[in-house]
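Good morning, colleagues. I should like to take a few minutes for one structure, which I now put on the screen.

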Amino acid sequence: SRTASFEIPAEIQVTPITAIDIEGLQPASGDGTAESPYLVGTAAQFIAISNDLDAHYQLTDDIDFQGSHINPIGGENDFSGVLDGNGHTVYNFTVNAVNSYGYAGLFAGNIGTIKNLQIGNADSDTAVVIDSEQNKSIGAVVGLNGGTIKNVHIKNVEIHARKDGVEKSDVSLKAGGICGENRGEIAQCSVIDSIVFAEGHATNK
């Protein structure tokens with residue numbers, strides 16, 4: 001796994017939720033253990049998962065990100081905890097991963113467990129977009145999966161993967177509905193009404 005340290009910069013604040021500084025923010029209740037997971041019910045709390053990547057989390061409600069632009073959860077570090085979506089949906093956001101960490105999705109990398117979650121919904125006006133440039137593995141849930149993704153459903157998601165201006169030896173680009181690259185377990189998942197677009201252009205070197 002990637003072990004470089006990652007601190008959430010001020011710029012990662014979701015918009016229009018700009019009044020919330022997510023640095024150090026934790027969900028309102030729970031202690032992050034399997035017995036008492038952090039309860040997540042807002043967009044800011046969801047993004048703040050980046051502050052504690054090896055904890056246990058459980059969604060308490062559907063989360064509308066209100067058109068926010070966010071970075072992949074975890075950045076250069078893998079998610080190694082447990083996220084139980086509890087049957088809820090996260091939607092209406094764009095993941096901006098331009099010249100990012102090599103892996104892009106709602107999460108950058110996963111070596112933990114992500115389950116019981118829906119990403120995106122049926123309303124075309126609240127689509128989820130994963131917009132990636134210069135990354136090598138891109139998916140709706142995660143760029144690189146080395147853990148478990150179970151009972152996660154993708155609906156009305158657009159994945160735009162581009163890699164331009166690189167040498168031929170580095171033009172490898174992997175994109176998929178659930179993840180771009182899988183080295184773990186994926187079970188009971190689906191991708192519906194979604195688009196995966198991948199394009200790469202190499203230099204002559």
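With which residues is Ile195 in contact, leaving aside its neighbours within four places in sequence? Before I reply, a word on the basis: this is a predicted model, in which local features need pLDDT of at least 70 and side-chain atom pairs count only at pLDDT 80 or more, while totals for chains, interfaces and linings use all residues. Residues are numbered from 1 along each chain as its sequence is written, and side-chain values use heavy atoms, with hydrogens and water left out.

To the reply, then: Ile195 is in contact with Val157, Glu158 and Ile159, contact being heavy atoms within 4.5 Å. Ile195 itself lies in strand S17, residues 195–202. Strands here are DSSP runs of E with at least two residues, numbered from the N terminus. Between Ile195 and Gly177 there are 8.0 Å in space, C-alpha to C-alpha, at a separation of 18 residues in sequence.

I turn to the sheets. In one open sheet, three strands follow the order S6-S10-S14 with parallel pairing; two strands pair if DSSP finds at least two bridges between them. S6 (107–110) and S14 (179–182) are the edge strands, each pairing on one side only. From one strand to the next, the twist averages 10°, with axes as lines fitted to C-alpha atoms and angles running from 0 to 180 degrees between N-to-C directions. S10, residues 142–145, is joined to S14 by three bridges, and the two run parallel. Opposite Val142 stands Cys179 of S14.

Another open sheet of three strands has the order S5-S9-S13, again with parallel pairing. Its edges are S5 (103–104) and S13 (174–176), and each of these pairs on one side only. Two bridges link S5 with S9, residues 137–139, in parallel, and Ala104 stands opposite Ile138 in S9.

Cys179 brings me to the cysteines. How many disulfides does the structure hold? The count is zero, where a disulfide is a pair of cysteine sulfur atoms within 2.5 Å. Why does Cys179 not form such a bond? The closest cysteine sulfur, in Cys189, is 9.1 Å from that of Cys179 and therefore too far for a bond. Cys179 is buried, at a relative accessible area of 10%, whereas Cys189, at 24%, counts as partly exposed. Buried means under 20% relative accessible area, exposed over 50%, and partly exposed in between, with a 1.4 Å probe and protein chains only.

Conventions: Helix = DSSP H or I, 4+ residues; strand = E, 2+ residues; numbered from the N terminus.
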